[in-house]
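Biologist: Can you pull up the model for me? I'd like to go through the fold briefly, then the ligand.

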Amino acid sequence: MNIKPASEASLKDWLKLRIKLWNDLEESHLQEMHQLLAEKHALQLLAYSDDHAVAMLEASIRYEYVNGTETSPVAFLEGIYVLPEYRRLGIATLLVRQVEAWAKQFSCTEFASDAALDNVISHEMHRALGFQETERVVYFIKKID
Ligand SMILES: CC(C)(COP(=O)(O)OP(=O)(O)OC[C@H]1O[C@@H](n2cnc3c(N)ncnc32)[C@H](O)[C@@H]1OP(=O)(O)O)[C@@H](O)C(=O)NCCC(=O)NCCS
């Protein structure tokens, strides 16, 4: 398994995996991806098996308050996706470890993340990788026109 930072050259590989994780329009992804590549507080990793992109991870350094944390800034796992046929091979584990090393340059001592309430596989992965559950949150919205 070869892990590389995403780049303009690997944009298509990254996009293909990103769309599988977040079902949005391609155009909205591309604009954000270009911005992320230029952002030094953001990390994007791709995992390759031979020449085939099989997983992606996005992380950031968050300076605003993150639920459950005690310090600032913290590293934050924004998204992770592994193609189904490559799961349970330790790829997410390898990717997440790289975030921990990357976050040291920002003096982070906490690494936070979130997951949908029903994504129990993600919960299992987080626990296996040393994360502890802090809070369960319900978001609300109200239209005000
Ligand atoms: C969650 C996900 C990223 C895990 O990737 P992965 O490469 O399979 O994870 P790893 O192989 O590194 O697994 C690490 C540990 O997590 C736990 N784990 C991972 N998948 C699991 C599953 N399906 N059931 C139970 N535990 C699981 C295990 O403890 C595993 O260690 P083990 O295989 O030695 O038992 C992958 O399933 C995925 O892409 N899911 C869809 C996208 C998603 O939900 N992303 C997270 C959004 S918050």
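Biologist: How far apart are the end C-alpha atoms of residues 1–145?

Modeller: They lie 51 Å apart. Keep in mind that this is a predicted model.

Biologist: How much of that span is helix, and how much is strand?

Modeller: Residues 1–145 are 31% helix and 24% strand.

Biologist: What does UniProt list for residues 1–145?

Modeller: The record has "domain: N-acetyltransferase" there, from an unreviewed entry.

Biologist: On to the ligand. Which pocket does it sit in?

Modeller: The ligand sits in the second largest pocket.

Biologist: How many residues surround the ligand, and which are the closest?

Modeller: There are 19 around the ligand. V82, R88, G90, T93 and N119 are the closest.

Biologist: Which elements each supply at least two residues of that shell?

Modeller: β4 (74–82), α3 (91–103) and α4 (120–128) do. The largest share comes from α4, with five residues.

Biologist: How do the shell residues divide into nonpolar, polar and charged?

Modeller: 11 are nonpolar, four are polar and four are charged.

Biologist: Polar contacts next. What lies 2.8 Å from an oxygen atom of the ligand?

Modeller: A backbone N or O atom of V82. A polar backbone atom of A92 is 3.0 Å from a ligand oxygen. R87 uses its side chain: a polar atom there lies 3.5 Å from an oxygen of the ligand.

Biologist: And how much of the ligand's area does the protein bury?

Modeller: Taken alone, the ligand exposes 920 Å², and the protein buries 74% of that.

Note on methods. Residues are numbered from 1 along each chain as its sequence is written. This is a predicted model: local features need pLDDT of at least 70, side-chain atom pairs count only at pLDDT 80 or more; totals for chains, interfaces and linings use all residues. Side-chain values use heavy atoms; hydrogens and water are left out. A residue is near a molecule or strand if one of its heavy atoms lies within 4 Å of it. A polar contact is a pair of N or O atoms within 3.5 Å; within protein, one must be able to donate a hydrogen and the other to accept it, and residues adjacent in sequence count only if both atoms are side-chain atoms. Accessible areas come from the Shrake-Rupley method with a 1.4 Å probe; for residues, only the protein chains shown count as cover. On a 1 Å grid over the protein atoms alone, a cavity is a set of points where a 1.4 Å probe fits but cannot get out, and a pocket is an open set with protein on both sides within 12 Å along at least five of seven lines; lining residues have an atom within 4 Å of a point. A molecule sits in a cavity or pocket if more than half of its atoms lie within 2 Å of its grid points. Helices (H or I, at least four residues) and strands (E, at least two) are DSSP runs, numbered from the N terminus. Ala, Val, Leu, Ile, Met, Phe, Trp, Tyr, Cys and Pro count as nonpolar, Asp, Glu, Lys and Arg as charged, and the others, Gly among them, as polar. UniProt positions are given in the numbering used here, feature names are shortened, and annotations may be inferred rather than shown by experiment.
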